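Ready to get to know a new structure by working through it? Grab a pencil, try each task yourself, and then compare with the worked solution.

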Amino acid sequence: MIFEVDQKRLDGEIETLAAFSDAEAPAVTRVVFSKQDAKARAWLKERCREAGLAIREDAVGNTFARWAGTRAELPAVGTGSHVDAIPHAGKYDGVVGVLGGFEAIRTLQRSGFQPERSIELVIFTSEEPTRFGIGCLGSRLMSGTLSPSEAAGLRDAEGDTLEAVRRGAGFSGSLDEVRLPGDYYSAWVELHIEQGPILEREGVSLGLVTSIAAPASFRITIEGEGGHAGGRLMPGRRDALCAAAEIILAVERFALGTGAIDTVATVGICQVHPGAVNSIPSRVQLAVDLRDTDAARRDTVLREIEVACGEVGERRGVKIDWQMINADAPAQSSPEILAALTAACEAEGIGFKRMVSRAYHDSSFMAQIAPIAMLFIPCRGGVSHRPDEYSSPEEISRGVRVLARTLASLSAGGKS
Ligand code: GLV
Ligand code: MN
Ligand code: MN
């Protein structure tokens with residue numbers, strides 16, 4: 001069978017979606033449950049309805065668009081990603097998996113293919129941690145990784161709870177109902193940009209993701225003593241930002257110290273109180289992101305940072321509080337889905353390599369309730385989470401062709 005992707009339309013749709021943004025182009029900012037997020041969702045749902053897909057939304061706003069198979073009673077095959085975008089992001093992170101997954105379904109429809117298992121496109125709520133401080137909210141709830149009561153109580157920077165915000169966005173019903181049973185999907189495949197440099201550097205068209213690194217994140221709050229930047233003499237100061245600076249460098253040192261390329265640590269947020277040039281910082285909050293393909297090695301680094309915090313606090317006379325946000329397991333791809341992806345690449349004559357995902361994805365959590373795998377396409381310079389993020393229409397379309405063929409083969413019902 002020949003699968004022809006409508007590359008031009010897909011490219012146009014990526015541009016249209018990018019325009020639902022709170023940042024000036026080419027940057028995209030689309031925070032979950034913002035007005036732009038709602039507009040993007042509405043536009044997407046309309047496109048899915050036009051394609052004859054049946055839409056369902058759950059209580060946290062995860063959106064399912066289903067193409068019914070001839071054996072619709074069987075567990076479905078799922079694909080999709082997210083459309084929320086961190087502040088000043090690009091157009092492709094998540095979007096390629098949503099619009100690419102959608103185009104894969106339409107490609108199959110156009111070819112005359114009829115699936116046995118239903119094929120379902122999922123648009124996850126809040127893959128990005130921007131608003132509620134924790135990533136993959138939708139898929140955590142779907143997989144039971146996060147309890148509905150914990151989720152409901154999460155707060156944004158305005159102090160509003162997820163419970164209130166999602167209801168305000170029109171998603172009612174009980175969060176208890178978001179969790180999916182373990183036999184809901186027979187297979188799950190997510191298409192995504194690599195967000196790293198390897199495919200481009202090696203001139204390989206597609207990455208077949210064999211495992212996803214284990215992410216962890218935590219907040220460190222440092223309370224020192226503020227005061228007048230001129231009047232207060234240097235000896236005996238308890239400057240919270242100086243303590244934070246030592247901690248930030250310790251985070252980098254311990255991550256580098258494993259000697260493993262797969263250990264990565266970032267202090268992405270540093271909030272200084274009161275934040276005035278002539279005032280000694282009295283309180284600093286750091287947000288740390290730490291990841292590794294080896295969860296035990298990641299946890300060793302975590303403990304080293306904790307010990308360093310204790311030492312810095314003691315020596316500098318500042319109080320240091322530590323709040324763990326998440327420490328998740330790595331995810332492994334299913335050999336059967338990897339075999340289906342491999343066969344699809346070969347049938348399409350597209351070069352590929354097996355690789356690890358260092359970024360986390362909703363697939364990290366879908367792995368707890370379904371066999372999963374991911375398909376990566378190259379992105380220019382490995383750049384992501386920046387306005388200049390870019391993948392060419394040809395690269396995206398190659399990924400969609402392989403995804404379409406893979407969904408087709410996974411949708412065979414078998415004997416059951
Ligand atoms: C996802 O956006 C990640 O931070 O890996
Ligand atoms: Mn992202
Ligand atoms: Mn993403």
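Below are three exercises on this predicted model.

**Exercise 1. Find the protein donors of the manganese ion (ligand 2), and work out which parts of the chain Asp93 and His385 tie together.**

Step 1: Start at the metal. Its protein donors are Asp93 (OD), Glu128 (OE) and His385 (NE2), and they sit 2.0 to 2.1 Å from the ion.

Step 2: Now look at the spacing along the chain. The donors of ligand 2 follow the pattern D-x34-E-x256-H.

Step 3: Place the two ends of that pattern. Asp93 is in the loop between β5 (85–89) and α3 (95–111), while His385 is in the loop between β17 (372–377) and α12 (393–410), so this pair ties together parts that are 292 residues apart in sequence.

Step 4: Check for a second metal. Asp93 also bridges to the manganese ion (ligand 3), and the two manganese ions lie 3.7 Å apart.

Step 5: Compare accessibility with the cut-off, where buried means under 20% relative accessible area. Asp93 has 8% and counts as buried; His385, with 36%, is partly exposed.

**Exercise 2. List the residues that surround ligand 1, then pick out polar contacts to its oxygen atoms.**

Step 1: Go round the ligand. You should meet Glu127, Glu128, Arg291, Ala359, Tyr360 and His385.

Step 2: Try the side chains. A polar side-chain atom of Glu128 lies 3.1 Å from an oxygen atom of ligand 1, and one of His385 lies 3.3 Å from an oxygen atom of the ligand.

Step 3: Don't forget the backbone. Tyr360 places a backbone N or O atom 2.9 Å from an oxygen atom of ligand 1.

Step 4: Link back to the metal. Glu128 and His385 are also among the donors of the manganese ion (ligand 2).

**Exercise 3. Describe helix α9: its span, its ends and its two faces.**

Step 1: Take the span. α9 (residues 295–316) has 22 residues and reaches 31 Å from first C-alpha to last, close to the expected 32 Å.

Step 2: Sort out the buried residues. These are Arg298, Val301, Leu302, Ile305, Ala308, Cys309, Val312 and Gly313. They cover an arc of only 135° around the axis, so they end up on the same side of α9.

Step 3: See what that side packs against. The partners are β9 (214–223), α8 (240–257), β13 (283–292) and β14 (319–327).

Step 4: Flip to the face turned away, which carries the exposed residues Ala296, Val307 and Glu314.

Step 5: Finish with the ends. Asp294 caps the N-terminal end, with a side-chain oxygen 3.0 Å from the backbone nitrogen of Ala296. After the helix comes Gly317, whose phi is positive, near 65°.

Key:
Residues numbered from 1 in each chain as written. Chains lettered and ligands numbered in written order. Predicted model: local features only at pLDDT ≥ 70, side-chain atom pairs only at ≥ 80, totals over all residues. Heavy atoms only, no water. Donors = N, O, S within 2.8 Å, 3.2 Å for Na, K, Ca; no water. Helix = DSSP H or I, 4+ residues; strand = E, 2+ residues; numbered from the N terminus. Buried < 20%, exposed > 50% of the residue type's maximum accessible area, 1.4 Å probe, protein only. Expected span 1.5 Å × (residues − 1). Arc of directions from axis to C-beta. Contact = heavy atoms within 4.5 Å. Polar contact = N/O pair within 3.5 Å; in protein donor to acceptor, adjacent residues only side chain to side chain. Near = heavy atom within 4 Å.
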